[in-house]
Structure formats: structure tokens, C-alpha cells
Amino acid sequence: MKTIQELEEIRKNTLDRVNQRRDRNTTRIVVGMATCGIAAGARPVLLAIMDEVEKLNLKDVIVAQTGCIGVCRLEPIVEVIRPGEDKVTYIKMTPEKARRVVNEHVVGGKVVEEYVMHIVDGKIINDYTVEKD
Amino acid sequence: MREISLHIMDIAQNSISAGAKNIYIEVYENINENILKVTIIDDGKGIDSDILDNVTDPFVTSRKTRKVGLGLSLFEAACKRCDGGLSVKSKLGEGTEVTAILKYDHIDRAPIGRISDTIVSLILSGDIDIKYKHRVNDKIFEFDTKEIKKTVGDDIKEPEILRWIKEYIDEGIKNIDGGVWE
């Protein structure tokens, strides 16, 4: 059984970390959570990201949610904004892809090109993963 | 949507967009009477009465970016498909109440799904308090973020705390034989 004592234990352990968090160097991971995103499977993606952030004990990362980003056919969409860098938009995400993005991009600093939305002359021209198949 | 819990999440996201501070969610598996009832009540800004009449029309929405809004329409379609229906009551400035009724054993009824995932996702998406009640006939499981905050303080978005909440809800619903994954 889950008990409140457990919860108090957790609180003691997390308290220090909360205080350490500084906003300046924070990476933001944003998941689209409108009807389109939810229907396409954004919830498991969001929870996979949370899980990975916890597992890797990442301190300067905020996982946030947003509404419809406007390209519903490409949902689930995840945006990664590292401090001082341009926003990167990942499309057609799955929990597995999301974990890879956390590991390689958020931690490693290397964009996972295969999942990124490509825009040429103002048009979204491709879905890289489909073209590759 | 593949799960009722995803519909719930979608509707509750509307509540958050409407500036709600408190959201009450109830899932009532009234198996004796073959009814699944889902209620979502918020204290958001409410819906204008002239929009309210057509609120489940996909081409009625209050958002400015596009002219379509599908959340309530999809949930209503899911209810009607299962010999049920959806009603929306609202008062401007007070809040909104969405009630969905579905025939419990209807072949087209989606499973209730992962309620715990929905609640954790909602906690992550805004500064809101969520009260959840799950009933299976006479058995009741209740969860309230306000209770959690009494123990751990206002910041309950820490991963370890969310994990605890998720497991607590899964366990609680399982204990009353609620349909989690079906």
C-alpha cells in the first residue's frame, strides 16, 4: 500500500533539489497537448519524457505543455528549447523517440535530425522518417 | 480517442484554458444499471449562453487561431455511439459542468484507460487542484491534490511525487475493481 509516510520521505529528498534549480540555464521541453495531440498519443510521450528526466536526474529541465501548435497532422509534437539556442520542433513523436531526444539532444546537445520538422521556403515539406522508409 | 481517460484529459485541458483553479472529476461505473457516467466540473470563466447551445458543434469554438474545436464534439460522438449523450452546463464567471453518459457494456465503448496518467498530466499542465472520485457500484476511491499538498507543500510537480501519485491512483482504482486497463 502507498502511504503518506512514503510521501514525506520523498519530500525530504526532493527539497534540496528544488532549491538548487536556477532558471537561467534551464532547458524547456514543451509537449503539444490539445485535442489533436492527445488523440495522436501525446500523453505517453509526455510521461516518457518526465520518466526519462527523472531517471537521468536532470536538474535544469522543465517539462511543459502547450495547446495546439497548428500542424495537427504532425502530432505528437515536442519542442526543445535549450538556453541560448534556437527552438527545435520534433514531430510524430513516440515515447521511444522522446526518450532518445532527451538523451541525445537535451543531455548531449546534439539535435536528433531524423525527427525534426523541416521547413523549406516557408513550407513544411517532409516527414523525414517516412521519406527514409 | 482510444480511452475515456483521454477524453477526460481533453475536456479538463479546456478547464485549465478557462482559468480554472479547481477541477472535479468523477468516473462512476454503475455496472448494476449498465451506465458509465463521467462528470467534469470546473471553476473556470464559464461559457457564454449563446455559444453554450452549440458548444458541441465542431465549428463552434472560442479560440482565435482557428475556427474549429473538436474536444467536446468528439466526446459527444463517443457518447452517442454508445447509446448515451453529453450535456454541458455553464454559468459565466462561475464555471462549467460536463456530464457524459455511456452504456457501460456497449461494444463501442472505449476502455476507461489510464486515469492516473491523465491526472498526472493535468497536474503538470497548470497550477490547479484536482479532486478525483471513482465509483464502482457502491465502492469509492477518492483522490485530492489538496491533501497531497498538505504533506509535501505546494510544489507537487516533482517527478518522485508524481510517480507516487500515479501509483497511488492505480492502486486505489484497482482496489475497488475499477476498470483501469480492461
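These are my notebook entries on the aromatic rings of chain B and the make-up of chain A in a predicted model.

Entry 1, ring pairs. I began with the aromatic pairs and found 3 over all chains. I looked up Phe141(B) and Tyr168(B) and got ring centres 5.8 Å apart with planes at 55°. Planes under 30 degrees apart would be stacked and planes over 60 edge-to-face, so I logged Phe141(B) and Tyr168(B) as tilted. I then checked where the two residues sit. Phe141(B) belongs to strand E6 (residues 139-144) of chain B, while Tyr168(B) belongs to helix H6 (residues 159-175) of chain B. They are 27 residues apart, and I noted the pair as a link between distant parts of the chain.

Entry 2, burial of that pair. I looked up the accessibility of both residues. Phe141(B) has 8% relative accessibility; buried means under 20%, so I entered Phe141(B) as buried. Tyr168(B) comes out at 25%, and I entered Tyr168(B) as partly exposed.

Entry 3, a second partner for Tyr168(B). I found that the ring of Tyr168(B) also pairs with that of Trp164(B), with centres 4.9 Å apart. Their planes are at 10°, so I wrote this pair down as stacked. Both residues lie in helix H6 of chain B, 4 residues apart, which is about one turn of the helix. Trp164(B) has 2% relative accessibility and counts as buried.

Entry 4, the cluster. Which residues do the ring pairs join? I listed Phe141(B), Phe143(B), Trp164(B) and Tyr168(B) as one cluster linked by ring pairs.

Entry 5, charges over rings. I searched for charged groups on ring faces and noted two cases in chain B. Arg109(B) lies over the face of Tyr104(B), 4.4 Å from the ring centre. Arg135(B) has its charged end over the ring of Tyr28(B), at 4.1 Å from the centre.

Entry 6, chain A. I turned to chain A and counted 5 helices and 6 strands. Along the sequence I read their order as α-β-α-α-β-β-β-α-β-β-α. Chain A has 133 residues, and 45% of them count as buried. I also looked at the contacts in chain A with a separation of 6 or more: residues 24 or more positions apart account for 61% of them. For the surface, I noted that chain A exposes about 7,200 Å². Carbon and sulfur atoms supply 48% of that area.

Note on methods: Residues are numbered from 1 along each chain as its sequence is written. Chains are lettered from A and ligands numbered from 1 in the order in which they are written. This is a predicted model: local features need pLDDT of at least 70, side-chain atom pairs count only at pLDDT 80 or more; totals for chains, interfaces and linings use all residues. Side-chain values use heavy atoms; hydrogens and water are left out. Rings of Phe, Tyr and Trp (its six-membered ring) pair if their centres lie within 6.5 Å; planes under 30 degrees apart count as stacked, over 60 as edge-to-face and the rest as tilted. Helices (H or I, at least four residues) and strands (E, at least two) are DSSP runs, numbered from the N terminus. Buried means under 20% relative accessible area, exposed over 50%, partly exposed in between (1.4 Å probe, protein chains only). A charge sits over a ring if NZ of Lys or CZ of Arg is within 6 Å of the ring centre and within 35 degrees of the ring normal. Contact means heavy atoms within 4.5 Å. Accessible areas come from the Shrake-Rupley method with a 1.4 Å probe; for residues, only the protein chains shown count as cover.
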